[in-house]
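Morning, everyone. Please have the viewer open, and stop me if I go too fast.

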Amino acid sequence: MRTALTASALAFATSSAMAQVTAIRAGRLVDPETGTVASNQVILVEGGRFRAIGPTVAIPQGAEVIDLSQLTVLPGLVDAHNHLALTYKEEPESNVYYLTYVLDATPLRAIQAASNGIQMLSSGFTIIRDMGNNGNYADAALRIAIEQGWIPGPTIINSGIIIGGFGGQFWPTPEMAMGKSIVYPEYLDADTPDEIVKAVRQNALFGATVIKICVDCKPWGYTTDEIKLFIAEAAKAGLKVEGHVQTVDGARRAIEAGIWSIAHDRGLTDEMHKLMAQKGIWRAGTETPISLTGHTTRERYDRTVAGLKNAYENKVPLTFSTDADYYVPGKTRGEVAIEFIETWKAAGIPPVDILRALTINGYQASETYTSRGPIKVGYVADLIAVPGNPLQSIDALRDVRFVLKEGVVFKRDGVMTPEKFFHGGPVNGWNIR
Ligand SMILES: [Zn+2]
């Protein structure tokens, strides 16, 4: 956990004329936490961190000045549930991801993940919780590649392989399941306490930074005690547990066990929402908008909107989450993800609270809240800028013109300029975890 700079360190940063200081002139600066806008702010960035923020901050000599005086600056966005290394498509697999898994090898999926990550970053998503379905740890490879400095991308919180009872989310044939072990590596089977412990340890060993389980993908599912075992074992590695939940009974067991976050909204009734609010369990509802034709139905969408509205009214901790794992012709992965604001608008949630779900709640669910996300002195320097004011119209987020990641400009004037992110080696230190 990092603390804010001392006053003397701040004075040093603001007075020294070092070339690597970047000064950003922000026409408007949004604080989603308070829902306020400050005008004409200067933001100093040095060594990848915010060093000073305010209306009267002096710009050191030799600093690179970035003029965003015509734009609204705000913290980066979070998608709390994506699958960057999975892209199913109408052609050739009719959006059946079981076939995608057969057709696309992990190395290809890792390259897709690199591309999808760049597309997400260009749309302003600086943090992604990547919740499994990534072949043989393509998600861990992506996270490590970004952290080491090989390629640009969002900060990745990744789950490794989804752990489920035998079969995972597949319904394979006996010959494919028993003869070919086709469930692995898309899912890790864990049907007994020993297997649960082993599966959590395998994911932790191979680079997961969160654990994802299938609570009720099969009728037998996991019991409350089994979910508790997941949580306890994951905690030893410092990891939280997200549950894929699709039934009310599954939701009840996950909530009883004290799970960190629940993915998807199908099992989340008014009663479950009240329990989640009481226990402070994150909701990653993955609310597919009707505008993404073919990915939901009118009936399903109406239920999704009503569920999100009910969760909001019950004060459930809400994250913005998409489950975007498919190709929509004409759209980048980032454009698909931001389209999900349509569902939030339809649920009648005010722009400031949609923005909170997209930012501060996302940082909290990702556990970066005290180091990365908020635009605060001492924090990692991630920010984005848009022409409009998202507190008035959340649609302003559809037009991200500027992206700063760890103090380095990734996008300027609406154009990606990622060359400073590419390196021929691990410039941020070699780390295979
Ligand atoms: Zn998912």
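I'll go through the domains, then a sheet, then a crossover, then the core. One thing up front: this is a predicted model.

Domains, then. The chain splits into two. Domain 1 covers 7–75 + 374–420, and domain 2 covers 77–366. How far apart are their C-alpha centres? They lie 30 Å apart. The domains do touch: 21 residues of domain 1 are in contact with 18 residues of domain 2. On the domain 1 side, two elements give two or more residues each: β15 (402–405) and β16 (408–412). What is that side made of? It has 13 nonpolar residues, three polar and five charged.

Now the sheet. Both β15 and β16 belong to an open sheet of eight strands. Follow the order with me: β3-β2-β1-β4-β14-β15-β16-β17. The pairing is mixed. Look at the edges. β3 (49–54) and β17 (415–416) each have a single partner strand, so one side of each has no neighbour in the sheet. Let's zoom in on one pair. Strand β14, residues 383–386, runs antiparallel to β15, with three bridges between them. Find Ile-384; its bridge partner in β15 is Val-403. As background, strands in a sheet pair through backbone hydrogen bonds, either parallel or antiparallel.

Next, a parallel pair. Strand β10 is residues 211–214. Its side chains alternate. Ile-211 and Ile-213 point one way, Lys-212 and Cys-214 the other. Buried or exposed? All four are buried, the lysine included. β10 runs parallel to β11, residues 241–244, and four bridges join them. Opposite Lys-212, in β11, stands Glu-242. How does the chain get from β10 to β11? It goes through helix α7, residues 224–236, and this β-α-β crossover is right-handed.

Last stop, the core. The largest nonpolar core has 123 residues. Ile-211, from β10, is among those that touch the most other members. So are Val-73, Leu-142, Phe-230, Ala-254, Ile-259 and Ile-262. Which helix gives the most to this core? That is α3, residues 106–122, with six residues. The core also draws on both domains, with at least three residues from each. In general, nonpolar side chains tend to be buried together in soluble globular proteins.

Let's pick Leu-142 and look around it. Leave out neighbours within four places in sequence. Its contacts are then Leu-84, Ala-85, Ala-110, Ala-113, Ala-114, Gly-117, Gly-153 and Ile-156.

That's my tour. Questions, please.

Methods: Residues numbered from 1 in each chain as written. Predicted model: local features only at pLDDT ≥ 70, side-chain atom pairs only at ≥ 80, totals over all residues. Domains from an automatic or database assignment. Contact = placed C-beta atoms within 7 Å. Nonpolar A, V, L, I, M, F, W, Y, C, P; charged D, E, K, R; others polar. Buried ≥ 20, exposed ≤ 12 C-beta atoms within 10 Å, placed from the backbone. Pairing = 2+ DSSP bridges. Right-handed = clockwise from strand over helix to strand, strands pointing away. Core = buried A, V, L, I, M, F, W, Y, C linked by C-beta atoms within 7 Å.
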